[in-house]
Amino acid sequence: MLWACLHFSDLPLRTVFEDSELGQPCAVIDGPQQRQRIVLVNQQAQRQGVRFDQPLASARALCANLQARARDRAAEDHLLRSLAAWAYRFSSHVALIGTDALLIEVGASLTLFGGWPALERRLRGELAQIGYTPMLAVAPVPAAARVLAACHDGFFVAQRTPMLGALGLMPIAGSGLEPEAISLLYNVGLRTLRDVFALPRPELARRIGPQALQSLDRLRGDEAEILPLYRPPDRFEHRIEFDHLIEAWPPLLFPLRRLCQELALFLAARDGGVQRCELVLEHEDHAATRIAIELLAPQREAKMLHELVRGQLERTTLEHAVRGIALIARDLPTLRPQHQDLFETKRAQALDWPELAERLRAHLGDASVRQLATAADHRPERAWRYAADSKPTIDTRLRPTWLLARSLPLRGPPPRVLAGPERIESGWWDGGDARRDYYIVLTREGQRAWAYLPAGAHDGWMLHGWFA
Amino acid sequence: MSIPAAALNEVLKHPGVWRQSTAVQHHVRALPTGLAELDALLPGGGWPCGALSEILFAFDGVGELSLLMPALAQLTRSGKRVVFVAPPYIPYAPALAAQGLDLRHVVQIESTLTQGAWSAEQCLRSGSCGAVLSWMQQADYTQLRRLQLAAESGDALAFLFRPARATAQPSPAALRLQLHADAGRVDVEILKCRGRLDSLRPTRLRCA
């Protein structure tokens, strides 16, 4: 395994300050109200003498225009998690280390990304686009990668022996050991890790204790470290807020496309699909409009999702101007991709049935695409239903191909009876009592109709179907 | 100069050579209608595949749907989907099942009049439907042409049911049949039939 450590040392600064503010001296402070101390400063503040662990009052004395804001650990964690979500597309082994570093296992997919230099360029490039410049190092041991990233930016070592050599040159202050152990070793006169590695193990254990010894073992890779791996969240929720109000739906399509692309990326990383999602249109003074989007089968493709959500949006009338839109997906079932033949020559406009059904539903409404099934009932109007059923009950009696949704009086002169009567008497137990004599009749126009008379009657023809 | 008979036969067997006496034109792909008499009149011996067929009739209930049933049954049994787009009445499931249709492959689409043509076109074009049945009271040439092209590109059978008054309208359909109901009997008249070269054969067929 090969671990890349990305150390975002300025993460606390970035969470509480805007990018534009970082041109001035800035500092992040932490601690109880009376004794706030500096946690992190930017270069401008550093130049004026503001240092780590300084009391805020001293810092202000050194630098009058210092912008100091309290540390926001929850926001830092959130930011680091979003970076982990980004990193998840490069590896399934991503771990959050401490409050400001990520470990990514890159060994398994190094060939896929075209070697470390190419991957490093890509990682740095993508991060630079969103404004991050992390310290980066690669080592076969997670703890070593972490330590090396903090001082040797861009360091790459794939073998254990050269890694130990590089670690040996590290000052013990930057070794990531417990502070007590560091000060103890320093007081003994040791300066680099090489000096520490050279000591006999029992002596070392007696002096620095078992915990620090374990840290050393992990650093050298003698003891495996169990990393809590990052797992992508179970739900997707992204929103886009507009600078101005939007009155019609066409301008919403562009941000919607971006949301769908993000959702598709998220789904691809999770190897999942989405079956149910919600489009929320936020208004200024009114409750948000929520558009539920239900799909027949899980989907993942951005284009398809965009088309389906768009179809739903087009059918919605905007009653108020829109301030922002959000796409929320909670139900993310596993996706079973459809098998595609390697040599399949698919026509350009060809769609599989599930996609076609989705498209039709998106345009015509959820209940517009239905399957027909038979039902076990003697009453003709209840002998069928909309359902996906595999076992039809075969009726051998002659039945019309068209059934009228509601029977109508048969106009004109009494028709010619071709067959019948067939007495249908049923339903006295469920309130839908029917007592009818069914006939196959021929109308004057030559139509074959299925009509009935109330049981025993001779007049009052009712039309119920056509032998079309 | 004489040509040996064997050599002439070779030439005549070539698919590029058409002879008027040849009963069936093999180059039309078709799905048998289930009525042997009707099949005999149609080129390819049935409903043309990847094309639009029009069925024109004056009144509901003259057997316009029954005419398709054997073909639809065959399609659904081979796992192909049959789609009813905006039918005028409820396709009665017990009757369809009794006629041999596999209901798992029968789909009904509800849509408004304007969206009906769009839905039918989508289904035809997708290539995932065996046959698409649609009903149109008003249809202009462009709409019909679109359906015909969609049927071609999706290689599906398109059936369009239209009122009898549309017979005078020009149509790009590959096949146009009109049903005449008369005293309990139904005649099928072939108004137009692409690939039919034998003008001597009758165009009207009496069905029970």
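Two strands count as paired if DSSP finds at least two bridges between them. Helices (H or I, at least four residues) and strands (E, at least two) are DSSP runs, numbered from the N terminus.

This is a predicted model: local features need pLDDT of at least 70, side-chain atom pairs count only at pLDDT 80 or more, and totals for chains, interfaces and linings use all residues. Residues are numbered from 1 along each chain as its sequence is written, while chains are lettered from A and ligands numbered from 1 in the order in which they are written.

**Stop 1: strand S7 of chain B**

Select residues 131-135 of chain B, strand S7. Five of its five residues are buried (20 or more other C-beta atoms within 10 Å of the residue's own, with C-beta atoms placed from the backbone). Check both faces. Ala131(B), Leu133(B) and Trp135(B) are buried on one side, Val132(B) and Ser134(B) on the other.

Add strand S4 of chain B, residues 82-85. S4(B) runs parallel to S7(B), with four bridges. Val82(B) has Ala131(B) as its bridge partner.

Now add strand S8 of chain B, residues 157-163. Its pairing with S7(B) is also parallel, over five bridges. Here Val132(B) is bridged to Ala158(B).

Show helix H6 of chain B, residues 141-154. S7(B), H6(B) and S8(B) form a right-handed β-α-β unit (with the strands pointing away from the viewer, the path from the first strand over the helix to the second runs clockwise).

**Stop 2: where the chains meet**

Which strand of chain B pairs with S15(A)? Select S5(B), residues 90-91: the two strands are antiparallel, with two bridges. Leu403(A) faces Ile90(B) there.

Widen the selection to the whole contact (C-beta atoms, placed from the backbone, within 7 Å). Chain A gives 43 residues and chain B gives 40. On the chain A side, the elements that each supply at least two residues include helix H13 (353-364), strand S13 (369-374) and strand S15 (402-409). Colour that side by class: 23 nonpolar, eleven polar and nine charged. Nonpolar means Ala, Val, Leu, Ile, Met, Phe, Trp, Tyr, Cys and Pro; charged means Asp, Glu, Lys and Arg; the others, Gly among them, are polar.

**Stop 3: two helices in chain A**

Select H8(A), residues 179-188, and H10(A), residues 201-220. They pack at about 145 degrees, axes 10 Å apart. Axes are lines fitted to C-alpha atoms over the stretch in contact, and angles run from 0 to 180 degrees between N-to-C directions. Show the contact residues: Ala181(A), Leu184(A) and Leu185(A) from H8(A), with Arg207(A), Ile208(A) and Ala212(A) from H10(A). Five are nonpolar, none polar and one charged.

Key. Two residues are in contact if their C-beta atoms, placed from the backbone, lie within 7 Å. A residue is buried if 20 or more other C-beta atoms lie within 10 Å of its own, exposed if 12 or fewer, and partly exposed in between; C-beta atoms are placed from the backbone.
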